Amino acid sequence: MLTPGIRAVALRRYLAPLLLVLAFPAAADIDFSSLRAATKNAPAAGAAKAAPASAAAAAKPAASAGETPEDWYRRAAALDRPNANAKALASAAYWYRKAADKGNTDAQVNLAAMYTLGRGVDLDGVEAARLYRKAAEAGNVRAQYNLGVIYHLGQGITKDYADAIHWYESAARQGDANAMNNMAFMYGMGEGVTQSNVEAYVWFALAASRGNTDAAENRDLAASEMTPEERRKAQERFAQVEKQLGM
């Protein structure tokens, strides 16, 4: 088994552009290092909760004729900024919800992030997981990764390593380096899977080859604990998986 020094990547807020010209944020990752403290005294997760009445009333302007879920998502994303006030966040949640209910997966992911962080809505891990799952099942890689992390950590929902590894692998096979790193960690520690130094090395190496610096350190740590035969098998397996990914 690999040493505890190998690090899994926690979720962090990710605001890369959805559209470079318009600079709208893409589907969000979450900073769980700050979230743990924020949720320490939070009520238990339950059914989705509405925003406070005053905020909700201010958050419901009428949609213009002919607008699409993508328009609603963009409007929400423009409001959902790190320094946004309560009114803006409530409005963002409203427009994300309209878009999410029509199947916009980026809106589903960003609304899930709001429920996980309690930004513009009440904290609700169950609703966050539901939204992430809808987007993940539709193929949204950020949703797959975030869903993997909340199952891995048991953040707002029951910890489930089998679900975590499933969603990490789904994201990893779409090229997500953080998912590759976290899946490798689970193989190295034997969390939800049969412990395998070879598989741990392979996924760390794949993540490192895509620029993940944590994974590069983890790959080298894994290699230092492997036998020559394990390293040989790992190199063969790496080439096989790299070819499968086709990236």
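**View 1. Arg 237 at its salt bridge with Glu 199.** At 21% relative accessibility, Arg 237 counts as partly exposed, because that label covers whatever falls between buried (under 20% relative accessible area) and exposed (over 50%), worked out with a 1.4 Å probe on protein chains only. Its partner Glu 199 comes out at 14% and so counts as buried. The two side chains meet at 2.6 Å, N to O; a salt bridge here is a side-chain nitrogen of Lys or Arg within 4 Å of a carboxyl oxygen of Asp or Glu. This pair ties together distant parts of the chain, with Arg 237 in helix H12 (residues 228-245) and Glu 199 in helix H10 (residues 197-209), 38 residues apart. Bear in mind that this is a predicted model, where local features need pLDDT of at least 70, side-chain atom pairs count only at pLDDT 80 or more, and totals for chains, interfaces and linings use all residues. Residues are numbered from 1 along each chain as its sequence is written, and side-chain values use heavy atoms, with hydrogens and water left out.

**View 2. Arg 97 and Glu 127, a buried pair.** Here the side chains of Arg 97 and Glu 127 form a salt bridge at 2.9 Å, N to O. Again distant parts of the chain are linked: Arg 97 sits in helix H4 (residues 86-101) and Glu 127 in helix H6 (residues 125-137), 30 residues apart. Pull back a little and the pair turns out to belong to a salt-bridge network that also takes in Asp 101 and Arg 130.

**View 3. Neighbours in sequence: Asp 220 and Arg 219.** These two side chains meet in a salt bridge too, at 3.0 Å, N to O. Asp 220 has 45% relative accessibility, so it counts as partly exposed. Arg 219 gets that label as well, with a relative accessible area of 23%.

**View 4. The whole chain, for context.** The protein chain has twelve helices and zero strands, taken as DSSP runs numbered from the N terminus (helices: H or I, at least four residues; strands: E, at least two). Of its 247 residues, 46% are buried. Take the contacts (heavy atoms within 4.5 Å) between residues at least 6 apart in sequence: 61% of them join residues at least 24 apart. About 11200 Å² of the chain is exposed, with carbon and sulfur atoms supplying 54%; accessible areas come from the Shrake-Rupley method with a 1.4 Å probe, and for residues only the protein chains shown count as cover. In total, the structure holds 15 salt bridges.
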